[in-house]
Each structure stands twice: as structure tokens, then as C-alpha cells.
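Please open the model below and turn it until both ligands are in view. The paragraphs that follow go through the surroundings of each ligand in turn.

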Amino acid sequence: MASDESTVRSELVEGDLGYRRFRLGGFEFRRDRYFAHVKWPKGSHSLDVTAFAKALMRDVAWGFFYGWVNFDDVFGTTNHYGTVDVYAGRYNAGFRAAGTDYFETFPTSQAGATFNAMLEDWTNEGFDPFAAPQETGNAYGPKTSSNLAAVRRARVVCKRAVGLAGDIPRRTDENGYPVNRDFADVPQDEPEVRPEPGFEGQIHAFNLYSYLSRSDVTWNPSVCSVVKDSLFCPTSEEHILPIFHGNDRVEWFVQLSDTIEWEVADKETGSPRARVIMHAGDVAAMPADIKHKGFSPKRSMLLVWENADSKLPALYAGGKLSPYPVDF
Ligand code: PHB
Ligand code: FE
């Protein structure tokens, strides 16, 4: 993410346990032992600091992602690809009715730099916001240190495909990616590629299951193959997706192993739409007008298929495209 440190407004305040307080436009952010507190001109809200840190980690690492990143039912961001809205209560019927909802639009670099600085300051050694709960310490307590190696982890984005020359390498024991405890049974052999004469260098394959079995993070889709705007973004999942993602386009899900349950709600009002239970082999299209959150009882593998065409958000928002990819 682009970051301009000069735009970050923060201060150390007596009694804040060593954590900095951050300001972004009319928003103020502070944390204590257990909670992150967000204040805006017309209201305030508190979130469990673990949940806040995990959502913040994704928003920072994904550059505000596609569309809406709801940290919870109240606070979140909307990506307009160049600018970003930071909102509180904007998609919450109660806040709307009370007139206490609020949002401000910032250059992406300004919001990104502030969120990044907050993530770095508020994360102590021993807590990794990308890790599964059983593979990290907790986020609670006063400031002791930092964990820059964890919070500066770059999202994997390949140019064409994992394993091609000059592209993202396969994961191995040797380059620091051992097989996860829950994927000990995943075969690790690589496909044998035998191109016909004249096609050498044009045919490629890799073992995606092996690649995902060695992921050290959860709920972090990485771009593993690219064909024009078609991005395959597989990911390994365990416990709960830390955000409620509001789509600005259709996304396809292919469940590659185990089970994930999805809670699907209306993007604007938050009213429940569906509970989608996906077992290995199931395929679902998530419409462009919903938000969703996933629950994975054991580590599982999910392929998220994204269409990166930058014209899509306006076509859906303007009603030029149906929010559903198919009609039955
Ligand atoms: C999504 O919002 O579609 C999403 C985000 C992160 C994941 C999986 C799915 O790990
Ligand atoms: Fe999504």
C-alpha cells in the first residue's frame, strides 16, 4: 500500500498504556487492554481489540480490498480505488434512524498510512493478526513491543502463475513454509509437465493443494494465477473471516476442501439473506449486492475467483448489470 507518513496524525496520551492515539479527519482511534475505541463527531463505538486488529490487518494488506470492508456492524471502509470512505453506522439501521451515522472520504494514501501506522503501533510481539487463533498469542494488554515482521507481510500477488520462472515460488520446507498441522494428509508431489516439441516454456502446472497446505496465514486470498482480469485467489481458512465483506461485483467461491459456512446479508441494511454451507467440491456465486462472513470449523481450502475489471463496480451500482451472474 502507498503510504505517506506525513499525513498520519497521532499522539501519545497519558493513561493510554503506551499506545498511540490516531486521528483521521473527524475520526479518533484509541485502544486499551481489551478494546479499540472509535469516536466521530456524532457518536462513538468500541470493538474487541482482537477483532479490530484482524480486520485492520486485512484492510491494510489488501489495500482496502474490493468494495466494503465491514469491521463489524458499525465501522468499516469502502474502496473507491483512489479514494476510500471511512464510515461509522452508515449501514446500520439503528444509527441511521438516530442520525448518528457518519462517513468521510480520504485519499487512499492518507487513510492507508493512518491504518498502517495504527496496525504497527497497536500490535505487540506474540500476536499475529493473520494467524489462526491456536497459532498465535493474544492481542490484549498494554503496549510491550511490536511485531513488524507479521504486520508487514505482503499479500502474495503473482504476475501469471505460482511456480513460473520469475514469478512467486512454490512453498517448501526449505523456503520456510512447512505443511500445516491440519493438512498433514495432503499429497506433496508436483505434476510432471511434458510439452510437445515446440511448446516448451508455454505449458505450466503446480500442485495448488500443496501450496495451500503450506500457507502460514488464514483468510488472506493470494493471487495464484492471472489470465487478463480473471484472478484465482485461493486461501486457507480457519475460525472466522475477520471482516464482513460487502461485494462491489460478483465473486465465485469453489470449496477445495473441508467446510465453510457463510452468513450472507443485504449490503445496505444488514438484514440476513442466506446461510450457505459449502462442502468440498461445492461452487457458489456471491451476488454483487450482499455482504458475507465465513466460518471454518477446521482449516480448509477455498478458491476465491475475482474479476478485476475496473468497470464492474459502476455497472453494478448503476443497475446496468444484474447482481446475479446466472438466472435459473
Ligand atoms: C471474501 O470476502 O470474499 C473473502 C475474503 C477473504 C477470504 C475469503 C473470502 O479469505
Ligand atoms: Fe467477498
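**Ligand 1 and the iron ion**

In this predicted model, the largest cavity is the space that ligand 1 takes up. Three elements each give two or more residues to the shell around ligand 1, namely strand 11 (230–240), strand 13 (251–257) and strand 17 (290–307), and strand 17 supplies the largest share, which amounts to three residues.

The surroundings of ligand 1 consist of 15 residues, and the closest of these are Trp 219, Glu 237, His 245, Glu 251 and His 292. By character, the residues of this shell divide into nine nonpolar, four polar and two charged.

Some of the closest residues approach oxygen atoms of ligand 1 with their side chains. For His 245, an N or O atom of the side chain is 2.8 Å from an oxygen atom of ligand 1, while for Glu 251 the corresponding distance to an oxygen atom of the ligand is 2.9 Å, and a polar side-chain atom of His 292 is found 3.2 Å from an oxygen atom of ligand 1. Of the 280 Å² of accessible area that ligand 1 has on its own, the protein covers 100%.

Which protein atoms are the donors of the iron ion (ligand 2)? They are ND1 of His 245, OE of Glu 251 and NE2 of His 292, lying 2.1 Å from the ion. Along the chain, the donors of the iron ion follow the spacing H-x5-E-x40-H. Because Glu 251 belongs to strand 13 and His 292 to strand 17, this pair ties together parts that are 41 residues apart in sequence.

Key. Residues are numbered from 1 along each chain as its sequence is written. Chains are lettered from A and ligands numbered from 1 in the order in which they are written. This is a predicted model: local features need pLDDT of at least 70, side-chain atom pairs count only at pLDDT 80 or more; totals for chains, interfaces and linings use all residues. Side-chain values use heavy atoms; hydrogens and water are left out. A residue is near a molecule or strand if one of its heavy atoms lies within 4 Å of it. A polar contact is a pair of N or O atoms within 3.5 Å; within protein, one must be able to donate a hydrogen and the other to accept it, and residues adjacent in sequence count only if both atoms are side-chain atoms. Accessible areas come from the Shrake-Rupley method with a 1.4 Å probe; for residues, only the protein chains shown count as cover. On a 1 Å grid over the protein atoms alone, a cavity is a set of points where a 1.4 Å probe fits but cannot get out, and a pocket is an open set with protein on both sides within 12 Å along at least five of seven lines; lining residues have an atom within 4 Å of a point. A molecule sits in a cavity or pocket if more than half of its atoms lie within 2 Å of its grid points. Helices (H or I, at least four residues) and strands (E, at least two) are DSSP runs, numbered from the N terminus. Ala, Val, Leu, Ile, Met, Phe, Trp, Tyr, Cys and Pro count as nonpolar, Asp, Glu, Lys and Arg as charged, and the others, Gly among them, as polar. Donors are N, O and S atoms within 2.8 Å of the metal (3.2 Å for Na, K and Ca); water is not among the atoms, so sites may look incomplete.
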